[in-house]
Amino acid sequence: MTYLVGDVLRLRVTATSSDGSGIARGNDGMVLFPPGALPGEEVSARVTVRKREYAIAEVAEILLPNPGRGIPFCRFYGECGGCQLQHCGYPLQLELKKAMVTDAFKRIYKRPFPDIHPCLASPLEREYRNKAAMPVRKAGTGAAPGFFARRSHSVVPVDSCPVLAPSIDAALSLVARELPRLGITSYDERVGRGRIRHVVLRQGVRTGDVLLSLVLNGSPAEEERRKLSGLIPILREGIPGLRSVTVNQNSTRGNVILGQKSSILFGDGLIEERLGPFSFLYDTTSFFQINPMQAENIYEHVACAVAEEGASNVLELYSGIGTMTAFLASKGVHVTAVEEWLPAVDHMRRNMERNALEERVTVLSGPVEKHIGSLRKPVDVVVLDPPRTGCSKSVLQGLLDLAPRTIMYVSCNPATLARDCTMLSDGGYRVGRITCFDMFPQTSHVECVVLITRVKD
């Protein structure tokens, strides 16, 4: 049977995909993805997209609901693509995320691996995000922020988000009200013209600091800078804890949000956060985990695992501003930390000094690919936390050549994690403990920490 757009089918959902959609199979074996459907449910769904190997079907009616189904709490849910699992109760979300990791290793790793323990819950299910990066689109004669719709670059205007930390949620409401009044045009990604591309809001959850950055398509003209500077008194009055307002310049085409150059409109351009006993400064462009309390749990988990290995020399790749570095160094080991983004490198050095850890950390600036092949001193443990795309083949080969006895791999993408573990396994390593952390409640994303050990000769 060939399914056509418009056909209405009765489907039994068996699993959840990496983007939060249900997974079902038609009578002919065709894979169908009904967004919003949960495992164990029977639904009536209409085919909306038909590809050669799969189809997408919009749920028309839930005939047999999963007992774990919940009620979405955000008025934009279903339009905004930021969250994918608000229709799940939280215990079910944790079950689905463990299943996603298990499925990725079964499909991609294709080797024996240990049972995965239940996904560790986030300390907060809502109001946990310390960052929002919102594209800006036309609103009247000005511009307004929002979030992308699911599977689209259409922007849903949003003035509040219940998963944001309270201070930046309040800041979002203020910015959504005031930005259109500035009369500065919004960016049109189709033609690469227009001025305001994104609004980026960041909060130090433990410190109360708030940083707001406006991303412009190029450097600000004098009239634009005047208008933006005129917004500062309103922002200071309406956002308690506002520490910095910056303008970031990004004139490149594509989906990269931030450019390399920022200028300060107010404050020092920085924000401070505390994790455990440590304090960290960072700027508009530097990476910081979006769920700080769960990040604290992950860093302590990794640091304790490294200490249990009896390591004295640790190589940390993709170190950022030094958040996990501090937890590792606090266990009495020496850490060689590698980071490519120059502002983050500068902040890491400062952060090691402010936490009295500079004697235990050697900072290497530059791409991991540059340094991994030139390191010669013995390394007991390698800790790495790469981007969602995972590691390049040259980095993985460099790890194999370095031959540490243990690798601690932190990942936010189970598919690229399983792929990289496959190459490491082919090179003489074995996947040990896999621990899942819910870093991103209400979404289909999950963070993993994998202990990988070298097989003895």
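Q: In what sense do strand β15 (residues 313-317) and strand β18 (residues 381-384) pair, and over how many bridges?
A: As a general idea, strands of a sheet are held to one another by backbone hydrogen bonds, and the pairing is either parallel or antiparallel. In this structure, which is a predicted model, β15 and β18 pair in the parallel sense, over 4 bridges. To follow one of these on the display, start from Val314, whose bridge partner in β18 is Val381.

Q: What is the order of the strands in the open sheet?
A: The order is read across the sheet rather than along the chain, and here it is β17-β16-β15-β18-β19-β21-β20, which makes an open sheet of 7 strands with mixed pairing. The edges are β17 (361-365) and β20 (429-437), each of which has a single partner strand, so one side of each is left without a neighbour in the sheet. If direction is ignored, neighbouring strands of this sheet are turned against each other by 15 degrees on average.

Q: Which strands does helix α9 touch where it packs on the sheet?
A: Helix α9 (residues 414-426) touches β19 (406-411), β20 and β21 (447-454), and its direction makes about 160 degrees with that of β19.

Q: Thr336 is in a strand of this sheet; is its side buried or exposed?
A: A residue is read as buried when its relative accessible area is under 20%. Thr336, which has its place in strand β16 (residues 334-339), counts as buried because its relative accessibility is 6%. Leaving out residues up to four places away in sequence, Thr336 touches Val314, Leu315, Glu316, Thr362, Leu364 and Lys377, and Val314 is also the residue that was bridged to Val381 above.

Q: How many aromatic pairs are there, when ring centres within 6.5 Å are taken as paired?
A: The count comes to 7 aromatic pairs. Take Phe105 and Phe113, whose ring centres are 5.5 Å apart and whose planes stand at 50 degrees, so the pair is tilted; this follows because planes under 30 degrees apart would count as stacked and planes over 60 as edge-to-face. Phe105 counts as buried, at 0% relative accessibility, whereas Phe113, at 22%, counts as partly exposed. Another pair, Phe278 and Phe327, is edge-to-face, with 5.0 Å from centre to centre and 70 degrees between the planes.

Q: Which parts of the chain does the pair of Phe278 and Phe327 tie together?
A: Phe278 lies in strand β14 (residues 278-283) and Phe327 in helix α5 (residues 323-329), so the pair ties together parts that are 49 residues apart in sequence. Phe278 is buried, with a relative accessible area of 8%, and Phe327 likewise counts as buried, at 3%. These two rings belong to one aromatic cluster, which is formed by Phe278, Phe280, Tyr299 and Phe327.

Q: Where does the charged end of Arg126 sit?
A: A ring can have a charged group over its face as well as another ring beside it. The charged end of Arg126 sits over the ring of Phe73, at 3.8 Å from the ring centre, and Arg197 lies over the face of Tyr187, at 4.2 Å from the centre of that ring.

Q: How many disulfides does the structure hold?
A: The structure holds 0 disulfides, and the way to check this is to look at how far apart the cysteine sulfurs are. The sulfur of Cys88 has its closest cysteine sulfur in Cys83, 11 Å away, which is too far for a bond. For Cys304 the closest cysteine sulfur is in Cys436, at 19 Å, again too far for a bond. Cys88 is buried, with a relative accessible area of 4%, while Cys304, at 28%, counts as partly exposed.

Q: Which residues is Ile116 in contact with, leaving aside its neighbours within four places in sequence?
A: Ile116 is in contact with Lys98, Val101, Thr102, Ile434 and Cys436. Ile116 lies in the loop between α1 (90-109) and β6 (131-139), and at 6% relative accessibility this residue counts as buried. The C-alpha atoms of Ile116 and Thr102 are separated by 7.1 Å, although the two residues are 14 residues apart along the chain.

Q: Which sign does phi have at Ala356, which is not a glycine?
A: The phi of Ala356 is positive, at about 55 degrees, and Gln442, also not a glycine, has a positive phi of about 75 degrees. Ala356 has its place in the loop between α6 (342-354) and β17, and Gln442 lies in the loop between β20 and β21. Ala356 is exposed, with a relative accessible area of 62%, whereas Gln442 is buried, with 3%.

How values were computed. Residues numbered from 1 in each chain as written. Predicted model: local features only at pLDDT ≥ 70, side-chain atom pairs only at ≥ 80, totals over all residues. Heavy atoms only, no water. Phe/Tyr/Trp six-rings, centres within 6.5 Å; stacked < 30°, edge-to-face > 60°. Buried < 20%, exposed > 50% of the residue type's maximum accessible area, 1.4 Å probe, protein only. Helix = DSSP H or I, 4+ residues; strand = E, 2+ residues; numbered from the N terminus. Lys NZ or Arg CZ within 6 Å of the ring centre and 35° of its normal. Pairing = 2+ DSSP bridges. Axes fitted to C-alpha atoms, helices over the stretch in contact; angles between N-to-C directions. Contact = heavy atoms within 4.5 Å. Disulfide = S-S within 2.5 Å.
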